[in-house]
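Please work through the exercises below with the sequence and the model at hand. Each task is followed by a worked solution.

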Amino acid sequence: MIQQKSKKGAVAALIACTALLAVIVLLENVSVFLPASSVPNLLKPTSQLFAVLKKGAVYSLAAVSMNLLNGFTGLFSLGQAGFMLLGAYTYAILSVPVADREAVYYLYGGSAVNFSFQDMFGSIFGTQGVGGAVSMGLGVVVAMILAGCVAAVFAYLIGLPVLRLKSDYLAIATLGFAEIIKAVFQWQALGPVTNGANMIKSFPTFSSFNITDASGTVILRLSTFFPFLVSMICIAMICLLINSTYGRAFKAIREDETAAEAMGINLAKHKMLSFCTSAFFAGVSGAMFAMFVTNAHAKVYTTTMTYEILLIVVIGGIGSISGSVMATFLYVACSEWWLRFLDSEVVLSNGMKLPFLRAGFRMVVFSVVIMIVVLFFRRGIMGDKELPDLFKKRIRKEGAK
Amino acid sequence: MEFAISVLISGISVGGQYALIAIGYTMVYGILRLINFAHGDVFMVAGLLGIYLSASMPLYLSMPLVLLLTVVLGFCIERVAYKPLRSAPRMSVMISAIGVSYLIQNTATYITGGQPMTYPVIPFLSDTVKIAGTSTKWVTILTPFLVLVLVLALTQLIHHTKAGMAMRAVAKDFETAQLMGIRINTIISITFVIGSALAAIGSMLYFTNFQAITPTAGALPGLRAFVAAVVGGIGSIPGAVVGAFIIGICENVIKSTEFTVFSDAGTFALLILILVLKPTGLFGEKVTDKV
Amino acid sequence: MKKLLSLALASAMVLSLAACGGNSGSAGSNPANSGTPAASGDKVIKIGVFEPASGDSASGGKKETLGIQFANSETPTVEIGGETYTVQLALSDNGSSTDKAPSAAADLVSQNVAIVLGSYGSGVSMAASDTFKDAGIAAMGVTCTNPNVTAGNDHYYRICFLDNFQAQVLANFAMDKFDAKVAYCLGETGNEYDQGLVAFFKQVFEANGGKVITASFPTNNSDFNTYLNQAKAEGADVIFTPVSIAYATQIITQAQSLGITAPFLGSDTLDDNMVLEAANGTDIQLYVSTFYQEGGAPEFDEGIKNYINSNSAAKDANGGNDTIAAVTAMGYDAYYVALEAIKAAGSADPAAIKAALGSVTYTGVSGDIAFDSTGDAIRDTAYIKHSTNTNAWELETVQKAS
């Protein structure tokens with residue numbers, strides 16, 4: 001997640017990421033290693049903490065992929081939810097075990113796609129024990145990569161006509177495409193493939209990655225670790241891209257298109273590359289989002305979702321990857337966890353009711369907080385700096401003293 | 001035949017209501033280059049104000065008051081959320097607009113408790129009339145005419161008053177206009193006031209026709225009006241009006257076929273088609289990049 | 001300065017995430033909203049109420065919650081193994097949206113609820129299902145009618161009938177009562193409740209030789225003129241609108257001004273006083289299928305009316321009057337079924353309650369409740385009632401499964 005040029009920095013980043021993953025695994029497994037009675041509520045596997053961490057991991061990839069396009073290349077696109085939808089559905093359609101298809105597609109008497117990667121790998125590695133785990137894991141990973149690919153292919157097709165448009169026109173056109181994609185997936189005529197208005201479920205989710213023994217007791221929890229791992233790998237790839245020649249070309253396009261073209265940068269090619277890469281990772285995050293909510297349902301991927309992610313990108317700082325990641329976790333934790341107490345009425349010991357506290361107040365406070373951040377931190381929490389930059393500056397300052 | 005006429009009538013009527021919202025979008029964009037995402041929600045708030053105010057006072061008092069309060073709201077939004085960000089990157093202003101939209105929707109949910117509210121019946125406008133075999137409300141018939149009158153008045157204002165001239169100057173070149181001694185902030189406020197007033201009038205017509213108001217009631221008309229503004233060429237008032245009628249009719253034609261799922265998607269497809277053929281919309285100005 | 005601030009923000013986030021690990025969930029779990037604060041020393045058992053308080057389904061969710069709260073105020077304790085436990089309700093708003101549902105569910109789980117009731121709306125129930133499953137907590141749907149809520153799992157139960165039954169009842173009713181040949185079905189795009197009912201209705205209606213025209217409208221739509229005109233132009237004998245409350249009120253008022261004469265058939269969602277109010281004073285014929293008819297249990301009716309009228313918050317939640325929605329009665333029954341399960345389990349342990357729930361039987365105000373092997377209620381009765389257009393429902397017929 002960290003932008004580094006020197007080898008030393010890359011090693012440091014790798015160590016930091018590994019450490020974070022280790023902490024996640026440890027946190028998650030406290031409930032497995034300790035007896036149930038001594039586990040604090042917060043570390044129980046179903047606590048809000050893990051829901052927030054999982055959603056944060058998923059959203060941070062979505063935010064970073066949007067940042068690649070909006071922040072680093074300066075292409076203002078609002079198609080994020082559409083690409084996530086493509087990813088989610090591709091993953092879901094390719095992952096529901098054949099045996100469950102009849103139940104999932106109950107309105108259509110079974111699915112038109114009678115195939116799933118899990119079953120395919122299952123026939124190679126077996127479906128029980130370690131073989132079953134391997135075929136499930138492989139199936140998920142392959143389906144996720146394909147989810148990204150499908151999103152990228154669609155992005156390519158959409159990009160052909162649309163990328164010629166300028167700024168806000170591009171934004172509204174991509175937003176339009178997201179809506180069109182959504183409508184296509186909700187069309188009953190395609191029901192045997194997309195399940196129409198019904199959600200697709202019963203595919204492997206994050207909790208499928210928990211390792212259980214024969215009796216079904218969990219011996220190692222990896223359900224939070226998995227989204228973190230995938231997001232980290234993907235974000236690292238985005239970092240590498242940004243630091244490559246391509247990345248510098250993207251930034252040149254952002255700063256001044258005409259000048260960039262004059263410098264010999266192929267605008268159409270680089271814009272398309274950025275658009276498709278962003279869509280690919282949006283597709284992967286969509287697949288993970290489907291795993292997080294345990295279903296794929298077109299109705300969820302609205303423009304509101306795109307705005308939410310855009311909000312995260314801007315709060316984090318346009319052009320800062322670590323900013324996007326941090327903003328995601330803050331945003332998700334605030335909206336779904338920390339402020340939740342505002343929704344329930346509190347009766348004080350003397351029988352007085354605290355004013356304002358009732359259902360819906362949480363979201364009012366939350367939007368006020370957002371407005372404050374937007375108005376007073378206009379460049380976001382990180383601007384276009386990265387986390388290591390801040391440390392470097394501080395060390396230099398202290399050295400100067 | 002009857003059905004075709006009824007489709008056309010509702011398309012034109014809805015188009016007229018979109019036009020009133022679209023003008024707000026297009027004027028703000030013309031001057032600030034800002035997509036004012038909160039505009040659809042201002043429209044919704046005007047509807048809610050109509051409900052709350054007419055519950056406690058007669059219509060001839062409450063409706064002008066709705067207009068006034070909506071204008072005040074539009075003015076305040078500009079002063080609080082957009083003015084401090086005038087020098088900030090454009091994306092920040094837009095996010096501020098999304099934030100305001102969020103805030104308004106959530107506050108409305110909090111106040112109404114998320115229940116749909118019913119708009120009061122306005123005498124005469126709500127009465128039913130029969131035209132060519134299809135019955136409809138008077139408001140449906142009157143909307144397009146009212147829109148035309150308002151748009152004519154607006155173009156007069158823009159082309160023949162001092163404030164209008166200043167608006168055109170600001171839209172043409174923000175900084176030069178400032179150097180020429182035009183008080184930018186006043187002009188921008190006037191733009192927001194006009195936009196909000198039209199949205200308030202639009203809300204009266206729209207919600208008389210479709211009476212239930214939920215906190216998200218402004219989202220869909222807002223989005224469609226915005227699409228209309230883009231189709232017409234964002235920044236151009238006649239463009240917004242023409243675009244709104246096209247979108248309104250197109251939407252209703254799709255609704256009358258068996259592909260109702262695509263009633264939104266169809267309008268967007270039309271939008272993309274127009275943008276690809278004419279990248280700045282039907283009436284938009286050609287922008288040339290300065291190096 | 002700004003860098004320092006942002007650094008501080010960043011570290012605050014890391015710290016708070018880490019520090020939360022230490023203090024046992026002070027941030028996550030807050031006292032439940034409950035009419036009966038537990039007296040000190042009393043044992044407490046918590047029942048989770050997983051209902052929407054915002055979003056599209058807020059109106060229905062609130063009415064369902066109302067029934068649960070009334071039942072709780074009536075019977076605030078339960079006997080477990082000779083000890084008296086105080087029952088506390090833990091509310092969590094799922095925002096009517098499937099992407100908010102898992103974290104709302106996790107909120108309930110983190111409050112250590114023993115069993116969960118809800119939700120109004122099948123989509124959110126399905127989205128939250130796995131969270132409850134992982135926690136080993138049984139969930140009991142009150143009015144989520146989609147078949148997929150309970151299918152394929154052993155922890156989700158429900159006390160209402162299913163969509164296919166409901167659609168069948170309505171389709172048969174349309175053919176018997178109105179001799180309908182052509183039906184126009186209108187549902188929200190991408191809403192599985194609406195589209196599921198429409199699909200089942202279509203199956204039955206077409207199997208019996210009828211013709212069905214389906215249409216769907218986008219979310220947040222408010223202009224139904226063209227749809228209704230199309231229904232008229234196609235010569236529909238009935239119009240089937242299994243939609244959310246907000247849309248239903250729009251459809252009714254617009255149908256009135258368009259002079260639609262074909263009767264409207266609605267599903268359980270339309271049994272709501274907002275809809276009733278919209279139909280008030282019009283010529284619209286409105287028929288809905290539902291779980292409960294006012295007057296079915298006079299004692300309950302009287303009790304809940306008193307409760308609503310004596311409590312302004314409850315009255316607001318019920319839409320400002322005291323007409324009893326079927327979902328309220330269902331919420332009331334669900335609470336007692338939950339108590340039965342707790343008693344049968346003889347323990348406050350979620351796993352024991354989950355094991356006991358399947359074999360619970362209870363006679364509630366909405367009829368007899370027992371579960372089949374998938375966890376669905378064994379119900380063969382639906383009430384069909386029609387609006388008198390004077391702000392009241394009148395029982396039309398009681399339909400049994402054929």
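The exercises concern a predicted model and treat domains, a sheet, a helix pair and a chain contact in turn.

**Exercise 1.** Determine how the domain assignment divides chain C, and describe the contact of the domains.

*Solution.* Step 1: the assignment gives domain 1 as 43–161 + 301–371 and domain 2 as 163–290 + 383–400. Step 2: the C-alpha centres of the two domains of chain C lie 28 Å apart. Step 3: domain 1 contributes 17 residues to the contact, and domain 2 contributes 18. Step 4: on the side of domain 1 that touches domain 2, the elements giving two or more residues are H2 and helix H4 (122–135) of chain C. Step 5: by class, this side of domain 1 has 4 nonpolar, 12 polar and 1 charged residues.

**Exercise 2.** State the strand order of the open sheet of 6 strands in chain C, and identify its edge strands.

*Solution.* Step 1: the order is E2-E3-E1-E4-E5-E6, with mixed pairing. Step 2: strand E2 (77–80) and strand E6 (156–158) of chain C each pair on one side only, and are the edge strands. Step 3: from one strand to the next, the twist averages 30°. Step 4: at one edge, strand E5 (residues 138–141) of chain C runs parallel to E6(C), and 3 bridges join the two. C:Ala139 has C:Tyr156 in E6(C) as its bridge partner.

**Exercise 3.** Find which strands of chain C are crossed by helices H3 and H13 of that chain.

*Solution.* Step 1: helix H3 (residues 101–110) of chain C lies across E1, E3 and E4, at about 160° to E3(C). Step 2: helix H13 (residues 350–357) of chain C lies across E4, E5 and E6, at about 45° to E5(C).

**Exercise 4.** Characterise the packing of H1(B) against H10(B).

*Solution.* Step 1: helix H1 (residues 2–32) and helix H10 (residues 237–255) of chain B have axes 7 Å apart and pack at an angle of about 145°. Step 2: the crossing of H1(B) with H10(B) is right-handed. Step 3: their contact has 17 nonpolar, 7 polar and 1 charged residues.

**Exercise 5.** Describe the side of chain C that touches chain B.

*Solution.* Step 1: the contact involves 32 residues of chain C and 31 residues of chain B. Step 2: the elements of chain C that give two or more residues to this side include helix H2 (58–74) and strand E8 (211–217). Step 3: H8(C) gives the most, with 8 residues. Step 4: by class, the side of chain C that touches chain B has 11 nonpolar, 19 polar and 2 charged residues.

How values were computed: Residues are numbered from 1 along each chain as its sequence is written. Chains are lettered from A and ligands numbered from 1 in the order in which they are written. This is a predicted model: local features need pLDDT of at least 70, side-chain atom pairs count only at pLDDT 80 or more; totals for chains, interfaces and linings use all residues. Two residues are in contact if their C-beta atoms, placed from the backbone, lie within 7 Å. Helices (H or I, at least four residues) and strands (E, at least two) are DSSP runs, numbered from the N terminus. Ala, Val, Leu, Ile, Met, Phe, Trp, Tyr, Cys and Pro count as nonpolar, Asp, Glu, Lys and Arg as charged, and the others, Gly among them, as polar. Axes are lines fitted to C-alpha atoms, for helices over the stretch in contact, and angles run from 0 to 180 degrees between N-to-C directions. A crossing is left-handed if the near helix is turned anticlockwise from the far one by less than a right angle, and right-handed if clockwise. Domain bounds come from an automatic or database domain assignment. Two strands pair if DSSP finds at least two bridges between them.
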